[in-house]
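Trainee: May we examine how helices and strands are arranged in this model?
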Amino acid sequence: MTIDTAVAEPTTAHVTPAPRGRRRGRLAFVNLAAAVVVTAGVLYAAFMPAGPLPALGPAFNPVTGAWTMAADAQDTDRTVKLAGLEQPVTVLLERDGTAHITAQSDHDLFLSTGYVHARFRLFQMDLLRRQGAGRLSEIVGKDALDTDRFELQLGLLRTAQAEWKALPTDDPSRAALLAYAQGVNDRISEAEATHQLDAMFTLLGYEPRPWTPVDSLLVKGDMTQTLSFNDVPIEMALLSKSLGADLAADWFPVMPPNAQSPYDPGPYAAHAPAPIAATAEVGHAEAQTASALYQKIASLPASLFETNGASNNWAVSGSKSASGGALLAGDPHLHLTLPSIWFQLTTDSPNYHTAGVSIPGTPVVLLGHNQHIAWSLTNGENQQIFYYQEKEDAAHPDQYFWKGTWNKYQTVGYDIPVLGGATQHITVKLSVHGPVISDRGLTTTVWWAGNIPSQDLGVMLRVGQSAGWQDFRNALRGWYSPTQNFVYADDQGNIGLISAGYYPQVAKGQPWLPMSGTGEYDVAGTIPYDDIPQVYNPKDGIIWSANQRQVTADYPYYIGTALHFANGYRANEIHRVLSAPGKLSATDMQALQTDTRDYLASEIVPVLLQTLSQSQLSATEGAAADVLRDWTSYRMDADSSAATIWSWFWSSYVDEVFGPWWRSRAVGVDINEVFETLGQDLEAWTLGDRTNRTFSAPGVGARTAVEAQQAAFRDAITLLTRSLGPDPRKWSWGRVHQRELVNLAAGSLSYGPRPDRGDANTPLAAPDFPSSDGPSWRMVVDWGTHNFQGVYPGGQSENPASTWYDNHVDTWWDGLLNPMLNAGAAAGTSGVKTWSMQP
Amino acid sequence: MRLYGSVLLAALLALTGVLFGLWWAPFVVGLAVPVVARRARLALPIGAAIGLFSWLVPLAAGEVRYGLGPTTQSLAAVMGFGRTGAVPVVLTLVVGTLLGLAGAWLASAAWAVVVGDARVDALRNE
């Protein structure tokens with residue numbers, strides 16, 4: 001009997017009633033029990049998230065679930081009613097999604113910017129503020145707990161709150177932040193009412209809370225952290241302990257060991273040079289503490305920390321440009337993501353006329369131009385972080401010794417909600433230096449310039465209003481962290497570069513190591529603004545920065561060690577190209593941005609070939625040497641086999657020379673993290689000190705650079721033969737070197753990996769395998785022709801179903817640029833959509 | 001005809017609920033199915049069909065209005081199924097179907113228990 005017949009069959013008087021009825025009754029109950037169980041299961045799956053799965057009902061229903069992604073991807077003319085607008089605003093969206101906002105008041109401009117950002121990037125904005133506020137666990141669970149704890153310890157939230165509190169009520173940036181937040185919230189309300197929230201909210205099962213000005217400051221804090229928070233002193237302590245102070249100072253010196261191209265050659269203000277002491281011995285307790293902290297930081301996502309920069313910018317004065325007007329080029333290199341960190345727009349209101357890219361979550365154009373000036377940034381890389389080991393005593397619990405007295409740590413408590421788990425509570429302790437970042441071993445606190453409240457958004461508003469160099473330079477006086485190389489070019493043919501930011505100076509001690517927190521080694525001030533690296537209208541008509549040390553050895557202040565700054569090869573290459581005789585054009589700028597010439601290779605390969613010419617080589621090694629011999633361009637192009645041989649040789653060479661030291665001394669720092677600095681040492685010794693003691697590594701006996709090169713070349717060719725086959729002519733760079741743009745939410749939505757050109761040393765930088773760092777925005781400005789061009793890898797929308805999700809990638813990949821139109825010119829192009837925003 | 005009419009009305013009711021954001025409407029409407037189709041053999045398919053219908057129609061409308069190709073691929077990618085766009089479509093329709101089916105089955109089974117007990121009582125009293 002089936003379940004339904006038990007229900008439906010008519011009873012008859014001829015059947016013995018009681019046993020049959022009981023059986024039917026039992027079956028009916030079994031049926032009901034099964035129905036209850038299955039229904040409970042269906043309803044549970046429909047209403048409740050389970051593990052990585054969202055609640056299926058709200059997530060996948062076709063009207064209010066993730067399918068709204070399809071409607072959200074439509075780009076149409078619209079009329080939008082926005083609470084808080086004072087007067088109508090027009091938003092034009094070009095065919096490629098570039099936004100042009102024209103408002104009749106500054107307030108309306110910032111409100112509309114908030115609305116437009118949120119319309120296209122709300123989920124990204126929410127992630128950014130959650131990262132800074134230590135609230136990622138709330139939406140992704142315990143996997144993000146360590147990150148949240150670290151962020152709350154570090155204090156981005158405290159800094160953002162302090163910055164907001166310190167903003168005077170009549171400050172224009174306060175009004176901008178408030179209006180911007182209102183615009184974001186207008187969009188959140190609209191999206192919730194029309195079920196148009198980004199699908200990721202639906203899939204993760206939460207709704208964004210209202211946006212506040214502190215959230216914008218948190219987003220700014222995220223960028224500050226990514227660009228200036230590092231653990232160099234911790235690494236240096238471990239290196240010094242394991243290698244000994246002598247070798248550590250030799251290999252990781254304050255001044256770069258190789259020849260570089262600082263943009264500010266001096267002369268400098270007539271101050272006495274700050275004394276640079278030899279690196280001190282690091283004690284056992286200090287080293288153990290450093291090791292614990294190093295491992296803690298290593299376990300956190302790399303994107304939270306400063307990595308070796310690869311950004312470029314430069315300017316050419318009107319006297320050296322083909323058009324007669326100043327040229328400016330900028331390509332800041334960051335982690336390449338989809339959506340991109342940038343959103344392209346122009347903003348027009350009574351007091352602001354700027355064009356360029358902004359960071360969603362903030363109301364300003366960070367890189368771009370106005371009617372008179374253009375600017376771009378690279379990371380300054382100077383040391384803005386110091387670690388202090390606090391003196392404690394069991395007789396003084398929860399206190400630290402500073403300037404002769406015992407002081408109580410301040411404490412701040414935070415609750416961290418965790419998806420699928422109990423809310424976690426952490427208590428952050430603060431000394432006068434900053435937050436306690438580790439209490440394993442000696443208690444370590446961190447002084448970080450990024451924790452000093454600063455009004456960077458206000459600075460950028462003033463930069464956007466600048467009409468000339470003095471306005472620009474005065475505006476940047478208030479920029480503290482991260483230190484940025486601000487390149488400048490104006491419509492009068494002038495160029496300039498200033499590395500704005502704090503350059504903290506300690507009263508004494510060795511700031512490249514963790515220092516005692518007892519007071520003698522505290523930060524005593526910063527380099528005066530007039531003394532920081534800067535140039536204006538240099539005689540040769542060119543200025544460039546590529547994260548290199550900005551100044552020469554004559555500069556009288558300490559600003560960081562070779563571990564802090566980039567290795568200088570990109571700067572050298574850019575300087576080489578710009579300083580060649582003849583005039584330069586915007587096309588030359590564009591070509592230099594995609595230059596794949598490896599400056600280091602141009603120095604070392606001739607030396608290597610000389611070595612190989614005196615060596616016994618196998619057939620494959622000989623063929624590889626021939627490939628290298630024909631490689632006179634030194635370009636890391638995707639189809640170049642020589643590029644592969646060179647890259648493998650160089651890695652092998654560094655490992656051949658330093659690997660035995662690393663192994664014999666049990667160095668607790670990943671050699672890859674200091675690879676760039678070791679490479680500079682090796683470059684300098686290969687070119688000028690071939691018998692340096694380092695070549696005679698423990699276990700390999702006495703040798704020179706020549707023997708090390710021979711061994712490294714053999715190893716490289718063996719490795720390549722094993723992985724790519726026996727014919728060196730087929731070892732094209734693109735086979736081993738790819739680039740990808742990583743989606744923030746799902747790997748399958750990433751772009752690539754695709755074979756691509758460049759390496760860590762080329763102006764078109766592409767470090768790592770695959771590489772996911774690179775030029776996050778390229779801009780070329782020619783004031784002579786008033787031609788502005790730019791492109792970033794990605795698209796304006798975070799919605800992967802939108803045509804504006806990754807529509808700029810191919811243009812960017814091919815090294816091309818898009819015209820940066822103003823609103824008037826954009827209105828005349830085809831395919832423009834218009835949003836009429838009404839109060 | 002009366003059955004067909006009732007089923008159609010129920011389906012439209014569920015669809016209206018879904019269109020107004022009440023994505024669980026097929027379950028509630030499914031609970032009422034045994035009122036018009038007491039035999040489980042009939043009630044369960046009807047409940048499932050109502051669930052399928054009320055989630056399929058808006059999905060089909062989305063396809064007509066916007067084209068769902070990029071969306072299906074994106075959702076599949078977010079869910080970890082690469083670019084296999086059929087997965088979210090099937091998942092969506094399965095959820096809708098199960099909601100209607102579960103409602104109809106639960107009500108039908110409960111109905112059977114109530115009616116069955118009444119019949120046994122009636123037989124005992126004879």
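The exchange below treats one helix pair and two groups of strands.

Mentor: This is a predicted model, in which local features need pLDDT of at least 70, side-chain atom pairs count only at pLDDT 80 or more, and totals for chains, interfaces and linings use all residues. Residues are numbered from 1 along each chain as its sequence is written, and chains are lettered from A and ligands numbered from 1 in the order in which they are written.

Trainee: How is α20(A) oriented relative to α23(A)?
Mentor: Helix α20 (residues 619–629) and helix α23 (residues 705–724) of chain A have axes that come within 10 Å and cross at roughly 100°. Angles of 65 to 115 degrees count as roughly perpendicular. Therefore α20(A) is, relative to α23(A), roughly perpendicular.

Trainee: Which strands stand at the edges of the open sheet that contains β12 of chain A?
Mentor: Four strands of chain A form this sheet, with mixed pairing, in the order β17-β18-β12-β22; two strands pair if DSSP finds at least two bridges between them. Each edge strand has a single partner strand, so one side is left without a neighbour in the sheet. The edges are β17 (436–438) and β22 (515–516) of chain A.

Trainee: Which residue of β3(A) is the bridge partner of A:Val91?
Mentor: Strand β2 (residues 89–93) of chain A runs antiparallel to β3(A), joined by four bridges. The two form a hairpin with five residues between them. The bridge partner of A:Val91 in β3(A) is A:Ile101.

Trainee: Which residue of β8(A) stands opposite A:Thr102?
Mentor: β3(A) also pairs with strand β8 (residues 343–348) of chain A, in the parallel sense over four bridges. Opposite A:Thr102 stands A:Asp348.

How values were computed
Axes fitted to C-alpha atoms, helices over the stretch in contact; angles between N-to-C directions. Parallel < 35°, antiparallel > 145°, perpendicular 65-115°, else oblique.
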